[in-house]
Amino acid sequence: MLFSIGVAFTNADQKNILPNPQEITDLENSIKCALFIRDNPEYKSKAISLLASLLKPLNDTLMYFKKIKNKLEAGVEPSNIPQYYFDDLYRSARTLSRIVPEVSRSLNCTALGYPTSRGLIPSRILEKIDSLITLVGMLTNPGAFSREQLYNYTLTGHNITSSLVDYFMRLKVDYEGYMNDVVKSAQRELESLQIRFIGLDNFVRLFNDPRFYNALYKTLLFVVTSVALKMGVGVILAIFYSSDLVIGRKALRALLIIPWAMPFLLSAVTWKFLFQANGQLGRLFGLNMNTDQWDAFLVYNLFETWLAYPFVMTITQGALRGIPKDVIEASYIDGASVFTRFRKVVLPMIKKPVSLAAVLTTGASLQAFLVPLVLNGAGPIGDVCAPGIGCRAGYMNEMLIVFGYYRITIDREYGYAASIYLIVLAIILAYVAIYFKFLKKSR
Amino acid sequence: MVRASIVILKICASILGVFIAIALAYPLVYIVAQALIGKPTILITELNDLVEYGLTIDNFIKTVQDPEFHESLINTFVVASITVILAILVIIPSAYAFSRFDFIGKDTILYYYLIVSQAGSGLGIISVLALYIFFLRMAAYGVGLIRIEILPFIYVSGLIPFQTWLVKSYFDQLPKELDEASFIDGANWFTTIFRVIFPASKAAFIIIVLFAFMSAWGEFIIANIMGLKTLGRYIYVKAVAGPAGLMRPGEFAAAAILFAIPMIVLFAVSQKYIGEAYRLGMKG
């Protein structure tokens, strides 16, 4: 409990709630390794001389590329460019391909005793070198290309090489700064894997989230409509099936509590099938829960009513049975009309239990969760807007509980979800307080 | 004349009554028909479908043969049984203690139970999600708690507030003199509890067993959050949340009905106890 309240003030999410331990060791080791390479003078001089030997063929390659490029730009036909230009290019690239593994071996953290999957030289640089070598290999046979192709290839090779030269120059000149950058970026990543205290940020975010207002609005609307429906249907059915006019009441009442006896899951499957857009009742009433939010909302109301009316009905029936026969007879003798009799005699007698049922069932609607979830996952998906806040894509019928549930199961923003639930909890507790006040008064 | 009009009124009202009752019970008829239809891939939209494809029990047979169904059925059975045993072990003694003894914090705890049990299902979802986050965090420290064995504990903790009140009210009704008489007769605690109290509170046991079993059997959302394979989750994931249900509605209607049968039977059995339980619970 305390833990979950604490989470509400953190930035917990999928990445940091259950961090991959491998990833953490990787990062930690690469930090240690970079620090070691930076601070060990012996290693440093060795690395710098290695870099110098790497830079030489790189610079050569750049130079030959430039030569070929200049010739081509001067309008020399490819066939007139001396073949040894390309041969020199190829030779320098060969040297490069020999030295690169040596460099990456010596700058390899795993070999230095800090096993990590992250290299000091980023993989994009190594890939660049690879593609450069391939390119040069292709250029050994310049006659195979048209002028335009040859020029494009040369230009590409030239650009790749010059960016590589820049990169390794920086590494050689500002060796320590480079290592510091490596350390910093690893530390940043490591930090994102740790849960941090972020104060009230989650709540600020919540109150700026249009989906929250939408959820609040839909929930309150659902409370109003569904409670009215449930209570209305339940009470009317109870009165109707208690009257002497209906024959076979007992058997019919047994039929009527079927929704109560059916496990929720079975009802859910049934209603989902019935109210599909191509299902029987969905077609009959022209409802499509998957595209129209108000169609879906209507089906939620119907389903909730169907689920809850047996409860209301049973309570009302119990209260009706409690009305003494002679009271009703007395009203007959007094000549009261059916309507007056109901208002003056029946209503006061059943008021208390019925309003208790109303309070209980309001609680159920306030916490509507399964009904929207099972019917269409609180959809359809669309732009959820709140006046003054803006719009955002989301599930249009997310009620409050579903809203938090989805933040956990879909977005996996645990800190945010926990803060939502603190607010929902406050709402529920307010409701319970009202409920208890009501109980006390009715006693 | 008046008599005749009353008779007509009666007939009309009864017809209306039958009509409404059938309309409200219709979903059950529909799902049974859907489970029995001869072509499992079709969603029934008109009566004619039944005539055209005929009725069979193939869907049920197919469902029963699905190995995944077996696995979840066994899991659910184990979970439900453990839940029942745990519920009895935890709730009966604590309810007895609440009923018979005075201890520090008794009223506070009872009041807390009352609030929690009346607050509704949303609170349960919230706490389970909080628990889930906690479990994930524990897993980060190498303590894997998300396993099928954890479910009964969660279910029982969900049952405790309401059920403790219920059984406590029940024990309150048993006269205290019963215990005292037994002590005076020289019985020790053991004998008093097992020979006197338990036999007298058979109904409380029945209520707990039924409630615990039904809630564990019918639960699916907690299992789904935790990703544990129970029968409820199997049906929920496939038929309700996923697309399989609409592709083979016949089979999943059958699966849902098979899943529901034990609960409906228990509901019928427990009808009179449930009434009594709510009456007792409301008192508190």
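**A hairpin, two packed helices and the meeting of two chains**

Biologist: How many bridges join strand E1 (residues 381–386) of chain A to strand E2 (residues 390–395) of chain A?
Modeller: In this predicted model, E1 and E2 of chain A run antiparallel. Going along E1, A:Gly382 stands opposite A:Gly394 in E2(A), and A:Asp383 stands opposite A:Ala393 in E2(A). The number of bridges that join the two strands is six.

Biologist: Which residue in the turn of the hairpin formed by E1(A) and E2(A) has a positive phi?
Modeller: The hairpin of E1(A) and E2(A) has three residues between its strands. One residue in this turn has a positive phi of about 85°, and the residue is a glycine, A:Gly388.

Biologist: What value is phi of A:Arg412 near?
Modeller: Most residues other than glycine have a negative phi. A:Arg412, which lies in the loop between H19 and helix H20 (414–442) of chain A, is a residue other than glycine with a positive value. Its phi is near 60°.

Biologist: Is A:Arg412 buried, partly exposed or exposed?
Modeller: The answer rests on a count of neighbours, and A:Arg412 has 17 other C-beta atoms within 10 Å. Because a buried residue needs 20 or more and an exposed one has 12 or fewer, A:Arg412 counts as partly exposed.

Biologist: Is A:Phe403 buried or exposed?
Modeller: A:Phe403 is found in helix H19 (residues 400–411) of chain A. Leaving aside its neighbours within four places in sequence, A:Phe403 is in contact with A:Arg211, A:Phe212, A:Ala215, A:Glu398 and A:Ile420. Because 27 other C-beta atoms lie within 10 Å of A:Phe403, where 20 or more are required, the residue is buried.

Biologist: At roughly what angle do the axes of helix H6 (residues 123–139) of chain A and helix H7 (residues 147–173) of chain A cross?
Modeller: Two packed helices are described by the angle between their axes and the distance between the axes. For H6(A) and H7(A), the axes come within 10 Å, and H6(A) passes H7(A) in a left-handed crossing. The angle at which these axes cross is roughly 145°.

Biologist: How many residues of the contact of H6(A) with H7(A) are nonpolar?
Modeller: Residues of H6(A), including A:Ile125, A:Lys128 and A:Leu132, meet residues of H7(A), including A:Tyr153, A:Thr156 and A:Ile160. By class, four residues of the contact are polar and one is charged, while the number of nonpolar residues is eleven.

Biologist: Which helix of chain A gives the most to the side of chain A that touches chain B?
Modeller: Between the chains, 56 residues of chain A are in contact with 56 residues of chain B. On the side of chain A, the helix that gives the most does so with eleven residues, and this helix is H13 (residues 264–274).

Biologist: How many charged residues are on the side of chain A that touches chain B?
Modeller: That side of chain A has 41 nonpolar residues and 13 polar ones. The charged residues there number two.

Biologist: How many residues does the largest nonpolar core have?
Modeller: Residues with the most contacts inside this core come from both letters, among them A:Leu265, A:Val269, B:Leu129 and B:Ile235. Helix H15 (residues 293–321) of chain A contributes the largest share, 13 residues. A:Val269 touches residues of chain B, including B:Ile31, B:Phe252 and B:Ala256. The size of the largest core is 139 residues.

Biologist: How many residues are in the second, separate core?
Modeller: This core includes A:Ala34, A:Leu107, A:Cys109 and A:Val182. Its number of residues is 32.

Biologist: Is B:Ile184 buried or exposed?
Modeller: B:Ile184 is placed in helix H8 (residues 176–184) of chain B. Because B:Ile184 has 9 other C-beta atoms within 10 Å, and 12 or fewer is the limit for this class, the residue is exposed.

Methods
Residues are numbered from 1 along each chain as its sequence is written. Chains are lettered from A and ligands numbered from 1 in the order in which they are written. This is a predicted model: local features need pLDDT of at least 70, side-chain atom pairs count only at pLDDT 80 or more; totals for chains, interfaces and linings use all residues. Two residues are in contact if their C-beta atoms, placed from the backbone, lie within 7 Å. Helices (H or I, at least four residues) and strands (E, at least two) are DSSP runs, numbered from the N terminus. Ala, Val, Leu, Ile, Met, Phe, Trp, Tyr, Cys and Pro count as nonpolar, Asp, Glu, Lys and Arg as charged, and the others, Gly among them, as polar. A nonpolar core is a set of buried Ala, Val, Leu, Ile, Met, Phe, Trp, Tyr and Cys residues joined through C-beta atoms within 7 Å. Axes are lines fitted to C-alpha atoms, for helices over the stretch in contact, and angles run from 0 to 180 degrees between N-to-C directions. A crossing is left-handed if the near helix is turned anticlockwise from the far one by less than a right angle, and right-handed if clockwise. Two strands pair if DSSP finds at least two bridges between them.
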